[in-house]
Amino acid sequence: MQRVTSLFLLISAAALRAAPPSAPTAALPEKHRALLESHCQSCHGAEKQKGKFRVDDLPFSITDIASAERWQKVLNALNSGEMPPEEEKQPAAVQKTDFLDELTQTLVTARRALSDQHGVIALRRLNRREYKNTLHTLLGATLDVSELPADTRPGGFDTVGANLFLSSSQLEGYEALAKEALEDAFAQRTAAGGEKKLRFEAENTLAGFKKSNHEAHLNHSRAASWLKAFEQAIARPENATLVAELRKTHGSGEGLRHQWEKIPGAPHPEKYGLPNNVFLIQGFLTADEFVPYEQSYLAMPGLDTGAYLTRPFSNLGRHSNNALFLPGIPADWPPGDYTIRVRIGATPEAPPERRFIEFGVNHSVDRSPFLSTHEVTGTRDNPQILEFRHTLHSKFLKERARNLFIRERGLGIFNKSVDYFREMRRQNGVGPELALWVDWIEIEKIPTPEEATPPGIRALTGISLDPKSPPPTEEQLREALTRFATEAYRGLPPRPESLARLVQIHRDRLQLGATPREALRDTLAVLLTSPRFLYRTEPEPQEAHRPLTPLELASRLSYFLWGAPPDPALRAVADSGQLANPEVLRSETERLLADRRSEEFLDGFLSQWLSLERLDFFQFNPKRFPRFDANTKAAARAEVLETFGHLLREKAPVTDLLKSDYVVVNGLLASYYGLEGVQGDTFRKVALPPNSARGGLLGMAAILAMGSNGERSNPVERGAWVLRKLLNDPPPPAPANVPEINRLATRVLTTRERLQAHQESPQCASCHRKIDPIGFGLENFDAAGQWRTEDSYTALDAAGKPDPKAKKTWAIEPAAALYKGPAFSSYHEMRDLIAARKEAFARGLTAALLEYALGRPCGFSDEPLRESIVAHSSQRGFAAREFLHALIQSQAFQTK
Amino acid sequence: MHNALPRRRFLQTSTALIALPFLESLGFRRFASATTAPVPHPKRLLFIGFGWGVTEESWYPKQSEKGPGYTLSAGLAPLERHKAEFSIVQGLANRYTTNGHYGSTFWLTGANEFGEPGQSFHNGISVDQIAAAHLGKDVRFDSLCLDCGAAASKSGHGPGLSLSWDSRGKPIGGPTHPVEAFHRLFAKDSTPLDQQKAMFAQRRSILDHAMEEARDLQRTLGKTDNAKLDEYFQGIRDMETRLSRDEKWLGIPRPEAPLHEPQPGLAGYEEIKLMYDIMVAALQTDSTRVLTYRLPVSSLLTSLNVTMDSHTMSHYHQPRAEALEVSQKRDLSQSELLAHLLDQLNAAKQPDGSSLLDHTTVVYGSNIRTGHSLDNCPTLIAGRGAGFQLGHNLVLPKDTPLCNAWLTLLRGSGVEVERHGDSTGILPALLA
């Protein structure tokens, strides 16, 4: 192993373990003994032990799990109000609140102290993200890994070794996915070289448009004639009794028409050239709704060279469906990366919110999610070419995922689309303006240059994948397997015994009739389920804290910043022995951060640190928040990541996350925030007007929306989030089985009045006196993160329905005071108070980074490291990058 | 529906010395010789979990109406025709479960998520797997753990690959769609026996290789790392155990399917119905005696033309009023489907004239009651397999351990174990 020159090695391994900083003692202050003595011990003391539980011998200093669990029992009994029993004397509210507060904090401290890993990192399996990225790096295959168990847990990171489990089901999953990735890679390799390109001219849809409209007209008149005959039949006097009887169960409208066969004289639909299906006939009957819309379509300019995106109505008996579904990627095109280009422009009539398209695969009229949203900045007279990338997965080849689509924004919700159509038709007699004109759509396979061949495939050089070729010689196979394994094991060659067994497995497969290609695939899949691939090993039999080898350090670095294995350049630096040189390590860190793959760090770290998964917990009511649709939500989520990316790139301070005079947004989000002059899909820094509520996490739509249930803002969720993520003062986890405050649902109260309930009982007040005031300070933002000055509530009636008579509207009153801290009169003042607590924020961020990077929880023994990172960064103006540098340069990062 | 015992199967029994599916043979013997003491029917267990809980206001019968004379609640109305065949049990809870989004993770285990210091997650064996170890010795699959694929993560089940967790608290996966379940149970393998044997040998050598790789690595690692690597060893050993079991059944064809091969692409209501039919078929052919199934609650809603997502629905107390309607619609559909399952179990007659439901216990419930509430876990127990009191509204003291109910179920099904999870004893009140 190379001798490493960095400073820390001067400290011996023994010194590393010597004198760890002592954890603070988790001790409950003595003053609380009085409460136990006067309220608990008569039943749970030395003499009497009701429920076999005594409190008189509980140690006030908690040093082991057993006593922690006994105290937890005390806490639970008090929290639930179970103890002291109702008929007994109750402690004074203030006394009980303080007792609960301190006991809760003591238990949180005890849990942290007892779970301190003292620097030991348990063997880390590749988590689900890393596994996917690793196979992508190795083979160029993009897999759908959703069938593997998710490794994320609320409140933790998916990089923590102790929490990454493995089971036989999962091993089977790995084997299947490895085979799939190899198939994918083989297919890409056999298809490599040839350029594939297809252009779809939009004007070709015109004939189909006319034809389906023509059919719709025919069907409409046939359906109308059938209905007329049907109505004549039910009007016959001799049918009166029967019809009256049928109406009792089936009603008079469509329900009755379904019963036509029972009514003498009602004609068979087929006689009118209709299908024998009343549902379809009903659809045909409504088709005349679209006649003016069609006529206006056909009068539009530009139909000879392009087409307009229309609203989809296929459910309504109409197939004038110009949502432009692409013809699809031809069946013989291989999986891999494709470029999609759309030449498109908006019409002069298009309102700003309709200048967006959604792109996706496998379209159905309703419910199909899209993959990306794109803003259209070109015009019909001066179109633009939108370009984006699409990865075709091999798994979906057999399914319908070759069919791509673009459609106008917001058409995924069918009812909303139909409602909008009808509303516009009511207003203008036609329907929504045609907003987007498309010239053509192009799909192109990005040719893979030879040097971009993934390392795992390059390792197989010399082995033919042609089904007709003979199998490789043993020598060829041995060499290829050695190269492949070295790549898969992140630089470590396979052991000879291991190689011999793999060669044997390959031979066996051939013997059993597998083709050479299948035999190779299966053998490599075995290699990819080896523990040497699935675990990032840092061997050390003696459990000592030793410096990492250069290859191990390279892996730690690349998995931290890319969630992927080292690239050849990083491996080369490691091989040269220079990686642990602080300057070299710093420049490699810079290089990795500048690479596009560092987006994985942004997503992996930020979405877990800030608990962004909550954004998907609730659907937003489209009626109340029409603008906060799936597109805006996706952009709002991206804003959080893009902002942090901006801080890293521009060496800007992380305290900009508390307050800043700019935002990092794209066109869609800028318009959501009411900022003008920002267009296009690219996120960029945009200056804010003075006194803007935006700027910093507290003003971000994603963060505010997470503190809601899709309907109403949730001050408790928001306040707790701020304490946890910004102020480094996490409240203890909420006790289970606390009823939502729905017992107040029938009362007409403001949000603040409602939350007053938390102050009624000591067990609630002990945490909520800290949480709720911050939530009140954010009440100027509605559930979807828009500024508001008033709010209203409609109480529910006994049946659980909103009662319009019981409605209350009030002006938002954000004034409150931080617990044991200063008062504020507005959101802006509160934001300033929070922004002033830079150190606390930096400490919280550091702990999260430490856990994410090192793969173990940040314990009390990490305090010195944490302090040194905060100090280092604070001297450099809290620049985001410096946190990463300080951490990567630390001894802990470079030590097993 | 029923196929007569194939002659081939008898032939194979005598030569292959393998304990064969013996349900029908037993019944046959019972008739053939009245003098021999009848061998009891094997016990079967079905566990069905539905993640997000129920609408508490309309699903539970009134607690004041204890016993057999209770009025069926609106949410259970579709089960009216089976009222005498099931009981509702109220008051049960898992004391350690604290996560309001984990409706299935600890439901059958009762484990403490934070029971292992230094780990963010810990689980124990689920009750079905204890039963499987005892009841599943003589059948092709000791258990079959069915799941619902991508819908699972949106259906309030929490972490896991099915309802089932193995003896080390690791998740067990299984078929995620009726088509897959059908193939697992009834697929015919036309490969010649010799070749099948060779394939098994090859599979074994692959597992041996994985074992060797892990041993190699083990020598270079310290204690903490090896404790983690142990999961790999266990995983491989579990695969070997399964392989040995499959090997014992080599050459014994899978039974004829008592239903048609399902169409792919079904989702939600029809998918659940079909999965229920397959579960009954699995019992009928004695392919397994223990099944678990996590219901695709989210795609059930989609198939009912509901566009609201299932989590939003589960908080019907808070958001908009239509969430309550959706929640109740969900309860009704689930009850309808369960009624269908009980119909099928009743209809599956055994050679002695009894029905499958006479020998089966169906457990239907969730760890979540409603919203984030984890007490009075909804529990419905049907079938005469474990000697339970049926037709009652059984109201137990608040926070009676769910694991006590599971222990009672195990004992009633002839599985003699001391305890399960945090059980403190059996619940005589549940027994007839």
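**Exercise 1.** Which residues of α31(A) are buried? Work it out in this predicted model, then find how they are arranged around the helix.

*Solution.*
- Step 1: Start with the length. Helix α31 of chain A covers residues 863–875, and its 13 residues should span 18 Å at 1.5 Å a residue; the end C-alpha atoms are 18 Å apart, so the two values agree.
- Step 2: Pick out the residues with 20 or more other C-beta atoms within 10 Å of their own. In α31(A) these buried residues are A:L865, A:R866, A:I869, A:V870 and A:S873.
- Step 3: Look down the axis. The buried residues cover an arc of only 130°, so they sit on the same side of α31(A). Here is the general reason: an α-helix has 3.6 residues a turn, so residues three or four places apart point the same way.
- Step 4: Turn to the other side of α31(A), where A:P864 and A:Q875 are exposed.

**Exercise 2.** Against which helices do the buried residues of α31(A) pack?

*Solution.*
- Step 1: Their partners are α30 and α32 (880–889) of chain A.
- Step 2: Follow the chain past the helix to A:G877, where phi is positive, near 65°.

**Exercise 3.** How many residues does the largest nonpolar core have, and which helix gives the most to it?

*Solution.*
- Step 1: This core has 185 residues, and A:L436 and A:F883 are among those with the most contacts inside it.
- Step 2: Helix α30 (residues 838–854) of chain A gives the most, with nine residues.
- Step 3: Zoom in on A:L436. Beyond its neighbours within four places in sequence, its contacts include A:Y308, A:I344 and A:V376.

Conventions. Residues numbered from 1 in each chain as written. Chains lettered and ligands numbered in written order. Predicted model: local features only at pLDDT ≥ 70, side-chain atom pairs only at ≥ 80, totals over all residues. Core = buried A, V, L, I, M, F, W, Y, C linked by C-beta atoms within 7 Å. Buried ≥ 20, exposed ≤ 12 C-beta atoms within 10 Å, placed from the backbone. Helix = DSSP H or I, 4+ residues; strand = E, 2+ residues; numbered from the N terminus. Contact = placed C-beta atoms within 7 Å. Expected span 1.5 Å × (residues − 1). Arc of directions from axis to C-beta.
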